[in-house]
Amino acid sequence: MNSLKEPVVIHKGLDNVYVKESGICYIDGETSRLFYRGYGIEDLATHSTFEETAYLLIYGRLPERTQLNDFTQRIESYRALDHPTLDLIRSFPTKSDPMDALRTSVSALGLGDPHPLTDDTEARIDKGLRILAKTPSIICAFDRIRNGQEPIQPKPGLRHAADFLYMLSGREPDPYDTHVMDVAMILHAEHEMNASTFACTVTASTLADMYSIITSGIGTLRGPLHGGANEAALRTVMEVGDPSKAEEYVDQALAQKKRIMGFGHRVYKTWDPRYVILKNLGQELAVRKGQTRLFDTALAIETSAMKRLEGSSIFPNVDSYSGVVFHMLGIPTDLFTPIFVMSRVSGWVAHVVEYLQANRLIRPKALYTGKTGLPYVPVEARTGLEARV
Ligand code: COA
């Protein structure tokens, strides 16, 4: 029931709806290309670091040496958690989902913000960097506390990826593991107007604070159709357990209309370029760690799925190998989605800053198809018929 004269087009899922112009990320889903600020993802994965990529995304250009050093130092100086945050994490039930712990802790960081009332561009970036810097510390502190261990302080001089692995295990990580973690973080740092970036943008458009903005993004990223797919994909590989069982699994899953996790994408109608990079890293890591069965099982699932899905536009996405890679780095499965968050904060900050340069409140519409003008019946007089109208 509505009084609209023009027919309404409902964009359920908002496919192909553009909400802003952007210079941050370009995805060519037909030719399998991805650019951050104009730089190809393959070049960034080969030559850049997570810190440099985060600077590029947020400030729009590659930093000069002193700018990069200052930026890296600034992140390092924000990494440690204060006592109230650590006490909060200690108060969480040890069985809590790490994404709940992360979402709650990031939200609580706002309580300790030294300049809560400033909201110009530099202040927003600074708050974003504080969140970016502290996210790995929160994830590691929660993981250690739930396992009955003391959190480890960040180690000065270690870069972000290395410090994450260090705070998680208490050991300085192997250089190749650090390299893989760094590349994985670059690959997860940004991906245009996906669901969580849109959630951040919606919250930002109300002129809410950075902590509310990033908390919205974390809540949205969590679902298995978005950031949660990496955990689901690894669980599938573990469940299948052996390359010889992959074909049977894929056949059964597709016959039951189940989705194969780590496959399909709203934008890529061919393979995801990040998948190629992670698959290569995964293969190398599997040989180094002697965990080839896990990798080969993922590969066999991919081969079977590609055979069965031939002719569709469903191809492997970033999550088909990210879980396998994180597992081989010794990271617990339920930390995979939090890791996605700690990388993606950089893209969220970049988009929020860009959107707020020409803000417009995001307020779409819903086409009302219900009734109007129903008579209000007092509760005592209701017969039950009203409840069924
Ligand atoms: N396995 C099997 N079939 C799949 C599939 C998958 N991974 N992904 C999509 N499909 C099928 C759907 O069942 C649907 O088939 P139908 O038309 O016969 O019903 C068709 O492809 C279109 O799916 P739809 O959900 O409308 O496409 P989308 O653009 O909304 O899907 C995803 C994008 C990511 C939600 C979807 O591909 C998916 O659920 N993938 C698995 C989760 C995942 O890996 N997410 C990480 C993304 S980076």
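# Exercises on burial, contacts and pockets

His188 has a relative accessibility of 1% and therefore counts as buried. The model is a predicted one, and the exercises below refer to it.

## Exercise 1: His188

Locate His188 and state which residues it touches, leaving out residues up to four places away in sequence.

Solution.
- Step 1, location: His188 sits in the loop that runs between α8 and α9.
- Step 2, burial: the cut-off for buried is under 20% relative accessible area, and His188 is at 1%, so it is buried.
- Step 3, polar contact: the His188 side chain comes within 2.7 Å of the backbone oxygen of Ala184.
- Step 4, contacts: His188 touches Tyr36, Leu278, Val318, Asp319, Ser322, Phe326, Phe340, Ser343 and Arg344.

## Exercise 2: helix α15

How many of the 10 residues of helix α15 (residues 319–328) are buried, and which elements cover them?

Solution.
- Step 1, count: nine of the 10 residues of α15 are buried, so this helix is largely enclosed by the rest of the structure.
- Step 2, identity: the buried residues are Asp319, Ser320, Tyr321, Ser322, Gly323, Val324, Val325, Phe326 and Met328.
- Step 3, cover: α8, α11 (229–240), α13, α14 (292–308) and α16 are included in what covers these residues.
- Step 4, link to Exercise 1: Asp319, Ser322 and Phe326 of this buried set are among the residues that His188 touches.
- Step 5, end of the helix: Gly330 follows α15 and has a positive phi near 85 degrees.

## Exercise 3: His191 and Pro273

For His191 and Pro273, decide whether each is buried or exposed, then list the contacts of each beyond four places in sequence.

Solution.
- Step 1, His191: this residue is in the loop between α8 and α9, and its relative accessibility of 6% means that it counts as buried.
- Step 2, polar contact: the side chains of His191 and Tyr268 are joined by a polar contact of 2.8 Å.
- Step 3, contacts of His191: the residues touched are Cys25, Ile27, Leu34, His265, Tyr268, Arg274 and Arg344.
- Step 4, Pro273: this residue belongs to helix α13, and with a relative accessible area of 1% it is buried.
- Step 5, contacts of Pro273: Ser32, Arg33, Leu34, Ile41, Glu42 and Tyr268 are touched.
- Step 6, sequence separation: Pro273 and Glu42 are 231 residues apart along the chain, while their C-alpha atoms are separated by 8.0 Å.
- Step 7, overlap: Leu34 and Tyr268 appear both in the list for His191 and in the list for Pro273.

## Exercise 4: positive phi outside glycine

Find the place of Glu192 and of Lys257, and classify the accessibility of each.

Solution.
- Step 1, Glu192: phi is positive, about 55 degrees, although the residue is not a glycine. Glu192 falls in the loop between α8 (175–187) and α9 (195–205).
- Step 2, accessibility of Glu192: the value is 28%, so Glu192 counts as partly exposed.
- Step 3, Lys257: here phi is positive too, near 60 degrees, again in a residue other than glycine. The loop between α12 (246–255) and α13 (273–289) holds Lys257.
- Step 4, accessibility of Lys257: exposed requires over 50%, and Lys257 has a relative accessible area of 77%, so it is exposed.

## Exercise 5: two pockets

What are the volumes of the largest pocket and the second largest pocket, and how do their linings divide by class?

Solution.
- Step 1, largest pocket: the volume is about 1800 Å³. There are 49 lining residues, and Asn194, Ala195, His265, Arg266 and Val267 are the closest to the centre. β1 (25–28), α9 and α16 (336–356) are the elements that give two or more residues to this lining.
- Step 2, its classes: 22 residues are nonpolar, 14 polar and 13 charged.
- Step 3, second largest pocket: this one holds about 510 Å³ of space. Its lining has 21 residues, with Val9, Arg363, Pro364, Lys365 and Ala366 nearest the centre.
- Step 4, its classes: 16 residues are nonpolar, two polar and three charged.

## Exercise 6: the ligand

How many residues surround the ligand, and which are the closest?

Solution.
- Step 1, count: 16 residues surround the ligand, and the closest are Arg259, Ile260, Gly262, Phe263 and Arg266.
- Step 2, Arg259: an N or O atom of its side chain is 2.8 Å from an oxygen atom of the ligand.
- Step 3, Ile260: a nitrogen atom of the ligand lies 2.8 Å from a backbone N or O atom of this residue.
- Step 4, Gly262: a polar backbone atom is 2.9 Å from an oxygen atom of the ligand.
- Step 5, link to Exercise 5: Arg266, one of the closest residues to the ligand, is also among those closest to the centre of the largest pocket.

Technical notes:
Residues are numbered from 1 along each chain as its sequence is written. This is a predicted model: local features need pLDDT of at least 70, side-chain atom pairs count only at pLDDT 80 or more; totals for chains, interfaces and linings use all residues. Side-chain values use heavy atoms; hydrogens and water are left out. Helices (H or I, at least four residues) and strands (E, at least two) are DSSP runs, numbered from the N terminus. Buried means under 20% relative accessible area, exposed over 50%, partly exposed in between (1.4 Å probe, protein chains only). On a 1 Å grid over the protein atoms alone, a cavity is a set of points where a 1.4 Å probe fits but cannot get out, and a pocket is an open set with protein on both sides within 12 Å along at least five of seven lines; lining residues have an atom within 4 Å of a point. Grid points are joined across faces, edges and corners, and a volume is the space filled by probe spheres set on the points. Ala, Val, Leu, Ile, Met, Phe, Trp, Tyr, Cys and Pro count as nonpolar, Asp, Glu, Lys and Arg as charged, and the others, Gly among them, as polar. A polar contact is a pair of N or O atoms within 3.5 Å; within protein, one must be able to donate a hydrogen and the other to accept it, and residues adjacent in sequence count only if both atoms are side-chain atoms. Contact means heavy atoms within 4.5 Å. A residue is near a molecule or strand if one of its heavy atoms lies within 4 Å of it.
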